[in-house]
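This briefing goes through selected features of one protein model, grouped by topic. Please keep the sequence and the coordinates at hand while reading.

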Amino acid sequence: MGKYLHNPDALSVLVVAVFVIVLAFMPTGFPSNQYPDSVRSAALVLETNDSTLHSTGIVRQGAQTCTLQILNGPFKGRIVEGTNRLMGKMEMDKVFVKGDKAFVVMDTHEGQIQFVNMIDHYRINLELLLFGAFMLLLIGYAGWTGAKALLSFLLTVLMIWKVLIPALLKGWNPILVSMGVVVLLTLVIIILVGGYNRKSLVAIAGSLAGTLLTCALAIIFGAQFKIHGTIMPFSESLLYSGYDYLNLTDIFIAAIFIASSGALMDLAMDISAAMYEIVQNNPHISTREAIKSGLNIGRAVIGTMTTTLLLAYSGGYIALMMVFMAQGTPTINIFNLKYVSAEILHTIVGSFGLVTVAPFTTFVAGFVFTRPSFVNQLKKQFVTPHRPVPTE
């Protein structure tokens, strides 16, 4: 055990693993189940009754009644009747057929089922299967580094769910809280994956510089664009649920630099690792030559990373763009709509961070990586080894 504690890499993994476990069991301060008399489980759809459903064009409304067999929990094996209410919103409604697995919530009283509400299709098993395959692929390909990447993935999920979201709901300053979370994740993830070395130090410096610039631009142009935070999906639901004190616009601004922080981390680490290998393979390279090589690497990477941001942000708005084209909406109208303007703000501000993080990381890496060689050369030139004086 002692040899692992003296290994910085193993020690960092141990510390982060303990932190992940603590976060997993840490309460958020918000109720996890507002209905303590309810039981959640998976259920198999045996029969369906659509007689009370009616269509209004392509939208269906009403209630679907299903005969269900409970698959797990205290009522496993029980045959019950469940209700699936349709609200006339295609993005939220679902219709079950025989053989489907449904996720149901059963309201109980004194140990007896009173009502069964069909929430949605049951997907937990598929999600676990997909995540398990991802884990095997990541660890199988990257080995120990993949295991550390998986740990950083879990840390990010828990930091968002257990720290960021509760803090925002409590009304804390969204920009400060989000920046704190991003800084902490940047430090921990890069050190965890890259180790305690100059390569990680350079990547951290470059990534945080880009994040700070992205934050500043998001604040400045977010105000100029006059986009309210209610543009975010389900944000109005928060206001109607009693959280009208939230500053949704600041949350929207914080979401801009949170969304780009991962790409900035990636780019900073790519350039840092590439320049580190250059200097390692050519220890006598000058600082100027190292920086020149780093800038060439950065130019090549930036071209694809900027497009990556564009595709990531615009991918969720394919249907909206199809509507614009189908209706013949003029381009000038499209670019002035707040939904489109918000995505333009996301993309361009994030791209600003990418374009600046590359040269900044390059310059820092050039001086940090070539400095030891420069010091060693000085020692060779000006410091002579001590030789004992011969005695007769």
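The points below cover salt bridges, a pair of helices, a nonpolar surface patch and the surroundings of one further helix. The model is predicted. Its salt bridges number two, and its helices α4 and α5 run roughly antiparallel to each other. A nonpolar patch on the surface covers about 390 Å².

**Salt bridges**

- Side chains of opposite charge can pair when their charged atoms come close.
- Lys98 pairs with Glu47 in a salt bridge, and the closest N and O atoms are 3.8 Å apart. This pair links distant parts of the chain, with the two positions 51 residues apart in numbering. Lys98 sits in the loop between β4 (79-87) and β5 (101-109), while Glu47 belongs to strand β1 (residues 38-49).
- Lys98 has a relative accessibility of 60% and therefore counts as exposed, the cut-off being over 50%. Glu47, at 44%, counts as partly exposed.
- The other salt bridge joins Arg123 to Asp120, with 3.3 Å between the closest N and O atoms.
- Arg123 is partly exposed at 39% relative accessibility. Asp120 is also partly exposed, at 25%.

**Helix pair α4 and α5**

- Two packed helices are described by the angle between their axes and the distance between the axes.
- Helix α4 spans residues 144-169 and helix α5 spans residues 174-194. Their axes come within 10 Å and cross at roughly 165°.
- Angles over 145 degrees count as roughly antiparallel, so this description applies to α4 and α5.
- The crossing of α4 and α5 is right-handed.

**Nonpolar surface patch**

- Leu11, Leu14, Val15, Val18 and Val22 make up the nonpolar surface patch of about 390 Å².
- Leu11, one of these residues, is located in helix α2 (residues 8-25).
- With a relative accessible area of 32%, Leu11 is partly exposed. Patch members need over 30% relative accessible area, so Leu11 at 32% meets that cut-off.

**Helix α10 and the residue after it**

- Helix α10 covers residues 318-327, which is 10 residues. One of them is buried, so α10 lies largely in the open. Buried here means under 20% relative accessible area.
- Gly328 comes just after α10 and takes a positive phi of about 70°.

Conventions: Residues numbered from 1 in each chain as written. Predicted model: local features only at pLDDT ≥ 70, side-chain atom pairs only at ≥ 80, totals over all residues. Heavy atoms only, no water. Patch = residues over 30% accessible without salt bridge, like charges linked within 9 Å, V, L, I, M, F, W, Y side chains within 5 Å. Areas by Shrake-Rupley, 256 points an atom, 1.4 Å probe, with all protein chains shown as cover. Salt bridge = Lys/Arg side-chain N within 4 Å of Asp/Glu carboxyl O. Helix = DSSP H or I, 4+ residues; strand = E, 2+ residues; numbered from the N terminus. Buried < 20%, exposed > 50% of the residue type's maximum accessible area, 1.4 Å probe, protein only. Axes fitted to C-alpha atoms, helices over the stretch in contact; angles between N-to-C directions. Parallel < 35°, antiparallel > 145°, perpendicular 65-115°, else oblique. Left-handed = near helix turned anticlockwise from the far one by under 90°.
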